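Subject: Structure for your review

Dear colleague,

Please find below the structure that I am handing over to you. Kindly look through it first, and then read the notes on its internal spaces that follow.

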Amino acid sequence: MAFSSFAGGSGSGSGGGGGRRGGLASSILPFSSASPNAKSKHNRKNRRRLAVRDFILANFFTIGLSISFFFFFIVLLRYGVPKPVISHFKSHTARSHRPRKPIVTENWNSEVLSSKVDVTTKELYDKIEFLDVDGGAWKQGWRVAYEGDEWDLEKLKVFVVPHSHNDPGWKLTVDEYYEKQSRHILDTIVQALSQDSRRKFIWEEMSYLEKWWRDASDEKRESFAGLVKNGQLEIVGGGWVMNDEANSHYFSIIEQMAEGNMWLNETIGVVPKNSWAIDPFGYSPTMAYLLRRMGFENMLIQRTHYELKKELAMHKNLEFIWRQSWDAEETTDIFVHMMPFYSYDIPHTCGPEPAICCQFDFARSRGSMYELCPWREDPVEINKENVQERAMMLLDQYRKKSLLFRTNTLLIPLGDDFRYISIDEAEAQFKNYQLLFDYINSNPSLNAEANFGTLEDYFRTLRDESDKRNYSLPGEVGSSQVGGFPALSGDFFTYADRQQDYWSGYYVSRPFFKAVDRVLERTLRAAEMILALLLGPCQRSQCEKLPVGFSYKLTAARRNLALFQHHDGVTGTAKDNVVRDYGVRMHTSLQDLHIFMSKGIEVLLGIRHEKSDQNPSQFEPEQMRSKYDAQPVHIAINLQEGTYQSVVFFNPLEQTREEVVMIIVNRTDVTVLDSNWICIQSQISPEFQHNKAKAFTGRHRIHWKISVPALGLQTYYIANGLFGCEKPKPAKLKFFSTSTSLPCPTPYVCSKADGDVVEISNQHQSLIFDAKHGLLQKVVNKDGSQNVVDEEIAFYSSWGSGAYLFKPTGAAKSIIDAGGLTVITEGPLMQEVYSYPKTGWEKSPISHSTRLYNGGNTIQEHHIEMEYHVELLGKEFDDRELIVRYKTDIDNKKIFYSDLNGFQMSRRESYDKIPLQGNYYPMPSLAFMQGSKGQRFSVHSRQSLGVASLEDGWLEIMLDRRLFRDDGRGLGQGVTDNRAMSVVFHILLESKVSAIVNPISNYSPLSPSLLSHCVGARLNYPFHAFIAKKPQPSSVRPPSRSFSPLAAPLPCDLHIVSFKVPRPLKYSQQSPEDPRFLLMFQRRHWDSSYCKTARSNCTRIADEPFNILNMFKGLAVSNARATSLNLLHEDTEMLGYNDEQSGDVAREGELQIPPMELRAYKLELRPR
């Protein structure tokens, strides 16, 4: 255990730490020395020995110096010339900690990247017994006591930090909260702080501040800005919202942080450097990484498992350096303060005894709008008669709380949800506390000093104190950036606030809108790319009209996506009307983005020459939503004889893509042609729907293989007649049904499936199904090996679950009975098994399709596509939670890996000592199991869900949940506003081709294979298809239309996170000397023990430098320079980067990005 090092043991961290701190000196000094009085066994008087002794004594200094130089050169040859230690936090004194030698540098794409730390959350879980012992006044802790002399040498410095937590939507919409509360809170802050310079405050959410700024008078704006600049008011975090960290994708987190930070910098001229996240329900190291690369120095977090808080507090590890699990060079280190108690409200922040702390929440006095203290001891106004007694009572709590931390600098938050709404409330807090502070500060014998403060006041003082005094424990690895604190890696999921109440339900609540979130994300990303590609070659105002004219709606789309990242938005934990408000906002932005993209592709293809925004587009998106809560519907092409319709595909990925695609048509006598009017092989099959009595819609799916260049466009034509092309090959249909007789749709050949087993296959694998239940049983590979994949669909009954909590009453029970409808579709390009299963309900809550593709040398043919259509729409499904479970023959020992924010993987292990719900984890996009022989079973998702491995070889994923009851966490309702929805998975089975890392003994997270990365990218960033609104006569044949902006596809492990114009509203006013474009990359780390070429045409990886200046075809890149992820810092050293590639790239343009890293570059584009 990591903690053994604290007692000088040999646990993880102690060996390396001890060697680091004393290794160099001890290696130069002799191991032992003989005493001058030591006697020889044979006590002979030897003249030669005496002569040698005399010579040594006479030349002692010279000999010693020679030996020292000898060892010095040996060390120099072994370790190289030492580099100076430079603190990345320039505002603080550099510390004399020697950087660790990297564990992994030469082989970046080794199987496992790992860091050296003192504490991992995995080790904490192994150690904690989860007994929920009653600690007395501090129920989840212990009785804290002190001697009284702890502050004799260094007085206690207390910073009381007033704050108000403003949710941008929860019980009310963001606009309702603003009008009723937040605007008044901001007015109050300005008024109260302006009256006394000793008063301080912090504010987090820019979504509210931006609204207030628009409404505020010039005088209020000036006062607010003045308070920020004089240090009374600090903007912490400064994102558009305080985002969720379980469901949000890292793209959206960057977007919401950059949107808030850039608005703040442009409006008030400040850039936050301290993060404040008191309300997300668990914490991801991805957030720590992103903040570090945005220039943040410190973080504060609150909602972590109460047993974990207790364990950290017992060892004074609540303040630590958070290091990424893959970071061997300490470049990602960021300082973290974890609040120790149950909540962020005042009763749980002044000290360990909430009954006492509540008495110092002076807004809870009788007659106020807030509830009284539940411990029946009300706050008492401070006066001369009681100030001594009350001050000593409060100081007692401060002292007890300080014992949980290493330093004598103490943080005391003072606030709650939507506090400081009136000047009377603010004055009650500020005046009473100032009287208490005055008493404490005027009595030197108390060895304490208390004042109002900001987060910056606290962290600056703490760092100053840690500079003066070494708080490191023996053998501690720590960090070269902030001395005296342990290094920690891992994540803080799944959160439990008390007893067995685990907050794993919100991983899946409102999955329909979790899916819409990701659709908006990828659509915004694609639209930003098209806008940048329009402006790049543009040299005159005429061609700026369309992209710049769209800037207002583009900004609104960014902000609507950012708003939904709020920790009561994407989590699905808001009231029904608030969810509706989020949904309408996202739907509106999706419509706006599609209209712009439709026009933008016309310009890029040379169809729209006037490049204005006046005329409607000739194209429309292939999928449309009729309203905010409707599933997207495929537009059907309906062609008369002798006509055709154009279909344009945009590829938002950085590699050329070849895939089988699908378009809906109303008739089967159509053909497919490419942009050169060459016929293409295609397949036609009926479209299914979730209807037992009428499984076919009457429409048809046409499949064909396309190829689209990276970030490019390609045109195809669906035609009827006059082209001499072969008609699409009709699929063969087989039915298996014991109760329903299906008519065979025209023009297909139908037959009955024989036996109890059905099979579909492609050139790589065959899928075997149980025909009676319509469920997958096993996968047979072409080499003859088999994988058991026993698919099961089941319900949990959950009487205690709600929007936040998952509290099942027992194990999940299968709901599929024998005798449903199964339809097998067999064709040259796509094969499918569709199942409408028999269940205990008249209308099944689920139907599903499993597909294999035959593309010929494509990524697509290696995965299995699973699509589940879910409808938990009636009261008969109340208090039920639907899962799909894959019971495989992989011996994973209940260990699996799930992703964090689509950015990195985390090792998961199911523990018997915690309940089932505590073994559920977030799955934003990927989960996989690995067996002892290296076999892998991966499930890629295009939306965030919850995942668990409760038995050996099992992987289960929750699809939807309908809950009648409130779970007691403040929402005041259940979750019964379910929508019909579809969940799509891409399943990948792989075998290792080289060395095997044992996931049982290796605690570091494993990475996906290169093929797995490619599969996930294609699922999460699909083609954007646009169909011409009107058919054209066959006599009109336009020239070949395509668009290919890149000089060459990028390496397969280099991902373009974002290509955009950050400030489109100011594009025309900006000088080209100030770069107007942004390119952000991620270098993906992949497990090189699996197939290195992704089993396809992936032949280039990013081990070699990549030249950004030559990236585009026809566009010259200039003035390229590195920037922070929020685009506000160009000093890359302060962001933690320690390699030359992160600096100025304007001359050579050569980039070599280490695996796992994100890098952002501002640049200018001009026509060549």
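The lining of the second largest cavity comprises 7 nonpolar, 4 polar and 2 charged residues. Please bear in mind that this is a predicted model.

This second largest cavity encloses about 80 Å³ of space. It is lined by 13 residues, and those nearest its centre are Glu204, Asn243, Met257, Ser275 and Met287. Three elements, α8 (250-267), β5 (274-277) and α9 (285-292), each contribute at least two residues to the lining of the second largest cavity. The greatest contribution to that lining is made by β5, with 3 residues.

The structure as a whole contains 9 cavities of 30 Å³ or more. The largest cavity has a volume of about 430 Å³. Its lining consists of 28 residues, and Gly902, Phe903, Gln904, Pro1008 and His1013 are the closest to its centre.

Which elements each supply at least two residues of the lining of the largest cavity? They are β39 (904-909) and α19 (1010-1020). Of these, α19 provides the largest share of the lining, namely 5 residues. By class, the lining of the largest cavity is made up of 12 nonpolar, 14 polar and 2 charged residues.

Where does the largest cavity lie with respect to the domains? Residues of its lining come from both domain 1 (156-493) and domain 3 (1050-1167), so the largest cavity lies between these two domains.

Yours sincerely,
A colleague

Notes: Residues are numbered from 1 along each chain as its sequence is written. This is a predicted model: local features need pLDDT of at least 70, side-chain atom pairs count only at pLDDT 80 or more; totals for chains, interfaces and linings use all residues. Side-chain values use heavy atoms; hydrogens and water are left out. On a 1 Å grid over the protein atoms alone, a cavity is a set of points where a 1.4 Å probe fits but cannot get out, and a pocket is an open set with protein on both sides within 12 Å along at least five of seven lines; lining residues have an atom within 4 Å of a point. Grid points are joined across faces, edges and corners, and a volume is the space filled by probe spheres set on the points. Helices (H or I, at least four residues) and strands (E, at least two) are DSSP runs, numbered from the N terminus. Ala, Val, Leu, Ile, Met, Phe, Trp, Tyr, Cys and Pro count as nonpolar, Asp, Glu, Lys and Arg as charged, and the others, Gly among them, as polar. Domain bounds come from an automatic or database domain assignment.
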